[in-house]
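Here is the note you asked for on this chain, set out as numbered points. Please read it with the sequence and the coordinates at hand.

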Amino acid sequence: MPEYDDDWDVPEDRDDPEYEENTPEGGRKKKKLTWKTVLLALVVFAIVGSLVQVVARGGFGGALNTTGTGGGGAPKKEHPRHEQEIRPPKQPKTIRLGNQRVPQASGPIIVINPGLVSPGGSAAVEGGGFDKKATVDILLKARKSDTKGRAIGSVRSDRFGSIYARFTMPETTGNRPAVLVAQQRGSSKTAEAQVVTGGAVGTAKINKMVGRPGDVVTVTARGFRPGEAIDVFWGRTTGTPVTTLRTDSSGSVGQAAIKVGVAPTGSSTLVLVGKRSKTTATAPFQMLAMYPSMKSKPYALKAGQRITLSANKFAPGERVLVYINSTGGLPAFTAQANGMGQIRDVAFNVPFGLKGRQTLMAIGDQSRAVVRSGFTVLPYTPSAEPSAFGGRAGTTLSFYVAGFAPGETVNAYAGSGSKGQRKIGTFQVDSRGKASAVGSYKITPADESGVSFQLIGQKSGGVAKASINMSSGHGQGD
């Protein structure tokens, strides 16, 4: 029997005749396996098997796992969404405007543009009233009462405290409305705005593929029952139709002109639904965003004076909600757009209590198209002059005043400081904010060194100052 070399790696001997045997057929027989060869094969097999298991279980460190499963088990659970506590916004002081109350000062405020957005669609959040160069977190919550929101991003305010950021409405919201929250980090400044969603359906034919609410398009349809009434919808199949068509004897509608209705911006659908047959025909349509504009006249005025608003490019005939300094709660007032989507000369008196820069927000009730504007409330700066420059004790003074709010009541005080000041009379100014020989005051011996007066309007808060100098016999007024 031939002997075998104990060396495992001897390639120079593999062709040596010493390690081959002749077969009966005259051929050569291959070398027999040894226990060392078998052991080597088992080790290699074990290593390869281990590598296969590592790859099957997700690779080294899971880098190769693209299925979401581990070792053939159940799929891994999705990581929970990052939620964040929402601080309730600080309730501002309010003043009355007609039958409503509006915030007295402009605080953080945001709007969604467009405010009507489909699940998966894109929109922008814009607003102001935050600190300059502050980080503002953007959160989304399903209900207004929720105390936590899903974090969808953050934005840094500019040097004016304004923000602008685009976001995508999650598909998981379906057709349910949601509330978007802008919350400044490390601050109580928080603003909210409602996001209204809408759906979309099917496809069909239409002569014009792009437009805005109010545009006129021509529609043709077929496949309905003869003489059937057809309800027309935009981006939905329920609710009040924008118009109703009627088919001819063949169940068709030919060259019907209709106005584009309100639907979410982006890919939308014209939907025709037969009232009897429930047959549905659809036509794809690209709904363009609406960019309304608004202006107020005058831009700066005093409380009690009348301001006029005008706007255009809203949806034809829709109701427009107008807010002052906030988009929460009921609007300050509403206006009706005409057939061209315009609002003409809507006026109101600026309520007393508003001071400085004010924010106006107009939102289309159906289209959710939004525009932001504003105006400035100027302070009242009345003046007063005493009727005499001075006099002995017992001399009676009165005042000539101007610059108060029309018809308001004015309180007159003598002395200075919270303790030394005393009320000396009350009077009313005329429709021009003026009054003559009012606020009678009798000089006392204690006034020998002079006395100062303050006249304060009850509504406007305007303050007029006056004084007399007994030693020099001269009076002064502001």
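The points below go from the whole chain to a sheet, the nonpolar cores and a single loop residue.

1. The model is a predicted one, and everything that follows should be read in that light. Its chain contains 1 helix and 35 strands, and of its 478 residues 39% are buried. Among contacts with a separation of 6 or more, 61% join residues that are 24 or more positions apart. The exposed area of the chain comes to about 26900 Å², with 52% of it supplied by carbon and sulfur atoms.

2. One open sheet is built from 3 strands, in the order β20-β22-β25, with antiparallel pairing. Because β20 (293-297) and β25 (343-349) each have a single partner strand, they stand at the edges of the sheet, and one side of each is left without a neighbour there. From one strand to the next, the twist averages 20 degrees.

3. Within that sheet, β20 and β22 (residues 306-312) are paired in the antiparallel sense over 5 bridges. For a specific register to check, Ser-296 has Leu-309 in β22 as its bridge partner. As background, the strands of a sheet pair through backbone hydrogen bonds, either parallel or antiparallel.

4. The largest nonpolar core comprises 32 residues, and Phe-314, Ile-343 and Val-350 are those with the most contacts inside it. Two or more residues of this core come from each of β4 (94-97), β22, β23 (319-324), β24 (333-336), β25, β26 (356-364) and β27 (370-378). In soluble globular proteins, nonpolar side chains tend to be buried together.

5. Which residues does Phe-314 contact, leaving aside its neighbours within four places in sequence? They are Met-290, Pro-292, Val-320, Ala-337, Gly-341, Ile-343, Ala-362, Ile-363, Gly-364, Ala-369 and Val-371. Ile-343 thus appears in this list and also among the residues with the most contacts inside the core. A second core, separate from this one, has 22 residues, including Ala-412, Ala-435, Ala-464 and Ala-466.

6. Is Ala-134, placed in the loop between β7 (122-128) and β8 (135-141), buried or exposed? Its relative accessibility is 9%, and Ala-134 therefore counts as buried, the cut-off being under 20%. Apart from neighbours within four places in sequence, Ala-134 is in contact with Val-155, Arg-156, Ser-157 and Gln-184. Ala-134 and Val-155 are 21 residues apart along the chain, and their C-alpha atoms are separated by 8.3 Å.

Notes. Residues are numbered from 1 along each chain as its sequence is written. This is a predicted model: local features need pLDDT of at least 70, side-chain atom pairs count only at pLDDT 80 or more; totals for chains, interfaces and linings use all residues. Side-chain values use heavy atoms; hydrogens and water are left out. Two strands pair if DSSP finds at least two bridges between them. Helices (H or I, at least four residues) and strands (E, at least two) are DSSP runs, numbered from the N terminus. Axes are lines fitted to C-alpha atoms, for helices over the stretch in contact, and angles run from 0 to 180 degrees between N-to-C directions. A nonpolar core is a set of buried Ala, Val, Leu, Ile, Met, Phe, Trp, Tyr and Cys residues joined through side-chain atoms within 4.5 Å. Buried means under 20% relative accessible area, exposed over 50%, partly exposed in between (1.4 Å probe, protein chains only). Contact means heavy atoms within 4.5 Å. Accessible areas come from the Shrake-Rupley method with a 1.4 Å probe; for residues, only the protein chains shown count as cover.
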